[in-house]
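Trainee: Before we discuss this structure, I should like to ask how each label attached to it is justified.
Mentor: Then let us look at it together and set each value against its criterion.

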Amino acid sequence: MALTARDVLNMPDLRLNLLAGGGGLAREVRWAHVIELADPVPWLRGGELVLTVGLGLPEDPAGQRAYVRRLAEAGCAGLGFPPGEIMAELPPEVLRAADDLDFPVIAARPPTPFVAITEAVAQWYAEARSRDVRKVIAVQDATARAALRSGVAGVLRELAAGTGAEALVVTARGDPRAVAPSGERPWHAAVIEAVSGDDHAAPARGALSLRHATLDVHVQSLGFSHPPPSGHGVSPLLGWLAVACPAPLTEQVRMLANHTACLLGLEFEGVRAARARAQEQRAALFAAALDGGIPAPESERLLPLPPAPYEVVVARADDMTPQALASPALDALGDILSDPVAEHATAERLVVCPRPEGLVLVLPDRRPRLGAALAARLRALTGRPVTAGAVRARDRARLPSAISGAAALAGRGHPGYAHADDLDAWSLLEDALDADGIRRFTDNVLQRLRDHDTRAAGQSTSGSLLTCLRAYLDAGGNLEAAAQNLGVHRNTLRTRLRTAERVSGRSLDRARDRLELWLAVTLADT
């Protein structure tokens, strides 16, 4: 609260009365300053109660009005004058100008020396600073006690009550978490928009100031979780605290907002640590169930899961063990599922389990798929390429086979997210075969054809047995179409196909032989 000219006029230890300019008593008094220059403005900064015995007042009426106008336009708080010291009273033009400009003129009656006014203003500000400090300490104590008793909602209530401001907490992804006083406010949307940039990167980590209508809004990050592995990536953001109050925002409110953000950050981080410990226990039970150490009925009792079906994800990151990847995966899930503190019942039943094949996650099967958002968030948190494969499991009994399928997709080595339902049948077949198995199969089926083509290297490309065989099989066994695609006569192609059958030891009339040849020539191209 600012000191006004009205407050100075009403100070009980001073004998002051208003001479003119009563419409300006709300002007803020920053200081009381004695100055006797004809043009004191260059020596002032605004907010001063100018004290003068009248030595610098011009003698002509126009100059007297100009003197008052310069003080008012310079932002001074008013004019103080001691009648009877040098002048019995101020000239009428000074008082008329003060009334016209709503510029207070105050008389200081004996025994009120100018130094008493200056001391009174200084004392008021000293006491105000002391009051502000005591208020800040009281609100800090109240919010700290609320953090122990009633959590986030209680902390916000104490902050709002102690500052007269409105407060809002949003999650890292911009979802409202708590508000005080209750009810949605127009400025909430502006805060959510400001902190909800892509990948939580807007604004930069720290603090942000907004202006919404007549409100100043201070937005403060709630701190960050543990540092990212090996210094890569970004530390996961825990959320945001926004405090709004009528402009201008005071340093005391800003200080209390920072203090409250620290309290909430500690609480959020504590809940994250507890969640991580709980997930470690669930991971141990899940691993034991997969390895046969716990019977199925017992594992269902000890390890409840979300309702089926499931999205089973196996995730890997370059140069990170599955164990090291588990912690950022929990942070990523906290961002994409809910908020760091108020976990939904579904989120509490997820599985995040390091396994030899990678980090295994059992998630609800939703659209859009959680695994895709998880892979993108993991990449941001770790700073490393992330490969994630996913398979849908209709029920709990199919989880082991789904993990194997997801691990095969993750093993392809292509960074990003791949779900089995999004791949065609040929891609699924490729994923089911390892590179060594493909090589042995194609060598077994095609090697004699390759050797024949090598010996007949002088022939045109269209004459190689493998080229003719591939064209025939790709044409679905249509001799005319294959010959046209190769640019040869159908009888020429027929002769070469018979040679291919003889060399390979397989007949194109037998479905199994034709399938083996088609698979071999197609896989050889991958």
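**From values to labels**

Trainee: What makes Arg131 count as a charge over the ring of Trp124?
Mentor: This is a predicted model, and in it Arg131 lies over the face of Trp124, 5.5 Å from the ring centre. The criterion asks for CZ of Arg within 6 Å of the ring centre and within 35 degrees of the ring normal, so Arg131 is said to sit over the ring.

Trainee: How many aromatic pairs does the structure hold?
Mentor: The structure holds 1 aromatic pair.

Trainee: Why is the pair of Trp124 and Tyr125 called edge-to-face?
Mentor: The ring centres are 5.0 Å apart and the planes stand at 80°. Centres within 6.5 Å make a pair and planes over 60 degrees apart make it edge-to-face, so both conditions are met by Trp124 and Tyr125. Both residues are also buried.

Trainee: Which residues are closest to the centre of the largest pocket?
Mentor: The largest pocket has a volume of about 640 Å³. Of its 21 lining residues, Met1, Ala2, Asp132, Thr250 and Gln252 are the closest to the centre.

Trainee: Which element supplies the largest share of that lining?
Mentor: Helix H4 does, with 7 residues. At least two residues each come from helix H4 (114-149), helix H5 (151-163), strand S10 (240-246) and helix H7 (251-290). By residue class, the lining divides into 11 nonpolar, 5 polar and 5 charged.

Trainee: What makes the contact between Arg65 and Glu93 a salt bridge?
Mentor: Their side chains meet at 3.3 Å, N to O. The limit for a side-chain nitrogen of Arg and a carboxyl oxygen of Glu is within 4 Å, so the contact qualifies. Arg65 belongs to helix H2 (residues 61-73) and Glu93 to helix H3 (residues 92-101), so this bridge ties together parts that are 28 residues apart in sequence.

Trainee: Why is Arg65 called partly exposed, and why is Glu93 called buried?
Mentor: Arg65 has 24% relative accessibility, which falls between the limits of 20% and 50%, so Arg65 is partly exposed. Glu93 has 17%, which is under 20%, so Glu93 is buried.

Trainee: How do you know that Arg65 also forms a salt bridge with Asp100?
Mentor: The closest N and O atoms of the two residues are 3.1 Å apart, which is within 4 Å, so the criterion is satisfied. Asp100 lies in helix H3 and Arg65 in helix H2, so the pair ties together parts that are 35 residues apart in sequence. Asp100 has a relative accessible area of 54%, over the 50% limit, and is therefore exposed.

Trainee: Where do Arg439 and Asp436 lie, and how many residues apart are they?
Mentor: Both lie in helix H14 (residues 435-455), 3 residues apart, about one turn of the helix. Their side chains meet in a salt bridge of 2.6 Å, N to O. At 43% relative accessibility Arg439 is partly exposed, and at 38% Asp436 is likewise partly exposed.

Trainee: Which residues are linked with them in a network of salt bridges?
Mentor: The network links Asp436, Arg439, Arg440, Asp443 and Arg450. Over the whole structure, the search finds 21 salt bridges.

Trainee: What makes Ala20 buried?
Mentor: Ala20, in strand S1 (residues 16-20), has a relative accessible area of 4%, which is under 20%, so Ala20 is buried.

Conventions. Residues are numbered from 1 along each chain as its sequence is written. This is a predicted model: local features need pLDDT of at least 70, side-chain atom pairs count only at pLDDT 80 or more; totals for chains, interfaces and linings use all residues. Side-chain values use heavy atoms; hydrogens and water are left out. Rings of Phe, Tyr and Trp (its six-membered ring) pair if their centres lie within 6.5 Å; planes under 30 degrees apart count as stacked, over 60 as edge-to-face and the rest as tilted. Buried means under 20% relative accessible area, exposed over 50%, partly exposed in between (1.4 Å probe, protein chains only). On a 1 Å grid over the protein atoms alone, a cavity is a set of points where a 1.4 Å probe fits but cannot get out, and a pocket is an open set with protein on both sides within 12 Å along at least five of seven lines; lining residues have an atom within 4 Å of a point. Grid points are joined across faces, edges and corners, and a volume is the space filled by probe spheres set on the points. Helices (H or I, at least four residues) and strands (E, at least two) are DSSP runs, numbered from the N terminus. Ala, Val, Leu, Ile, Met, Phe, Trp, Tyr, Cys and Pro count as nonpolar, Asp, Glu, Lys and Arg as charged, and the others, Gly among them, as polar.
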